[in-house]
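This briefing sets out the strand pairing, helix packing, nonpolar core and selected residues of one structure. The points below are grouped by topic.

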Amino acid sequence: KASISFSEIQDYVLTRFNKPLSINYANDSSVVVDVPFTVFGFTKSIGITVSVLKIEGDDVYLSYSGSMGVDLLVPPAISFVKKFAPDKADFVTTLPDKVVKISLGAIPQAQAALKYVELKAISFLQDKVEADVALR
């Protein structure tokens, strides 16, 4: 098993994308990601529940839900990043029914590891995400 803390993920996103976010445990297959945004000078936080649906090969399928029209915000946000920074999001595909497919094999940093290990499961603990892997 391999794990990474929520705080490390938060720091990575802030450093790499200049976007603060907060990750909170919901249950063993879901987390709530709070993302602040500013409209007309007011900052509001949107909570998006992200759940692991399944893993097929090197692809991870996630579902998302939330309030305030999250389903209307996520696909355009992914499209925007893919258009203006394709190297940062070309491994993400939006699917119907609020599902996102993450193709780990298309992420250069993950390709080396995936030569040797296969992702079997992803679960969440109170302060971290844990990946269950097996040797190939």
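The structure holds 0 aromatic pairs. The model is a predicted one. An open sheet of 6 strands, the helices that pack against the sheet and a nonpolar core of 25 residues are described below.

**The sheet**

- The 6 strands of the open sheet follow the order S2-S3-S4-S5-S7-S6, and their pairing is antiparallel.
- At the edges of this sheet are S2 and strand S6 (92-95), each of which pairs on one side only.
- On average, neighbouring strands of the sheet are turned by 30 degrees against each other, with direction ignored.
- Strand S7 (residues 99-103) and S5 form an antiparallel pair over 5 bridges.
- Leu 62 has Val 100 in S7 standing opposite.

**Helices on the sheet**

- H1 lies across S2 and S3, and the helix runs at about 145 degrees to S2.
- Helix H2 (residues 70-84) also packs on the sheet, where H2 touches S4, S5, S6 and S7.
- The direction of H2 makes about 135 degrees with that of S5.

**The nonpolar core**

- The largest nonpolar core has 25 residues, of which Val 31, Ile 48, Ile 102 and Leu 104 touch the most other members.
- Two or more residues each come from S3, S4, S5, H2, S7, helix H4 (108-114) and strand S8 (117-124).
- S4 gives the most to this core, with 4 residues.
- Beyond residues up to four places away in sequence, Ile 48 touches Val 31, Val 32, Val 33, Tyr 64, Ser 65, Val 70 and Val 74.
- As background, nonpolar side chains in soluble globular proteins tend to be buried together.

**Ser 63 in strand S5**

- Ser 63 belongs to strand S5 (residues 59-66).
- Ser 63 counts as buried because its relative accessibility is 17%, and the cut-off for buried is under 20%.
- Leaving aside neighbours within four places in sequence, the contacts of Ser 63 are Thr 49, Val 50, Ser 51, Leu 53, Lys 98 and Val 99.

**The hairpin of S8 and S9**

- S8 pairs with strand S9 (residues 128-135) in the antiparallel sense, over 7 bridges.
- The two strands S8 and S9 are joined by a hairpin through 3 residues.
- Ala 121 stands opposite Asp 132, which lies in S9.

**Loop residues with positive phi**

- Asn 18 is located in the loop between helix H1 (6-17) and strand S2 (22-27).
- The phi of Asn 18 is near 60 degrees, a positive value in a residue other than glycine.
- Asn 18 counts as exposed because its relative accessibility is 61%, and the cut-off for exposed is over 50%.
- Phe 40 is located in the loop between strand S3 (30-39) and strand S4 (42-56).
- Phe 40 has a phi near 55 degrees, again a positive value in a residue other than glycine.
- With a relative accessible area of 79%, Phe 40 is therefore exposed.

**A lysine over a ring**

- Lys 54 lies over the face of Tyr 61, at 4.8 Å from the ring centre.

Methods:
Residues are numbered from 1 along each chain as its sequence is written. This is a predicted model: local features need pLDDT of at least 70, side-chain atom pairs count only at pLDDT 80 or more; totals for chains, interfaces and linings use all residues. Side-chain values use heavy atoms; hydrogens and water are left out. Buried means under 20% relative accessible area, exposed over 50%, partly exposed in between (1.4 Å probe, protein chains only). Rings of Phe, Tyr and Trp (its six-membered ring) pair if their centres lie within 6.5 Å; planes under 30 degrees apart count as stacked, over 60 as edge-to-face and the rest as tilted. A charge sits over a ring if NZ of Lys or CZ of Arg is within 6 Å of the ring centre and within 35 degrees of the ring normal. Contact means heavy atoms within 4.5 Å. Two strands pair if DSSP finds at least two bridges between them. Axes are lines fitted to C-alpha atoms, for helices over the stretch in contact, and angles run from 0 to 180 degrees between N-to-C directions. A nonpolar core is a set of buried Ala, Val, Leu, Ile, Met, Phe, Trp, Tyr and Cys residues joined through side-chain atoms within 4.5 Å.
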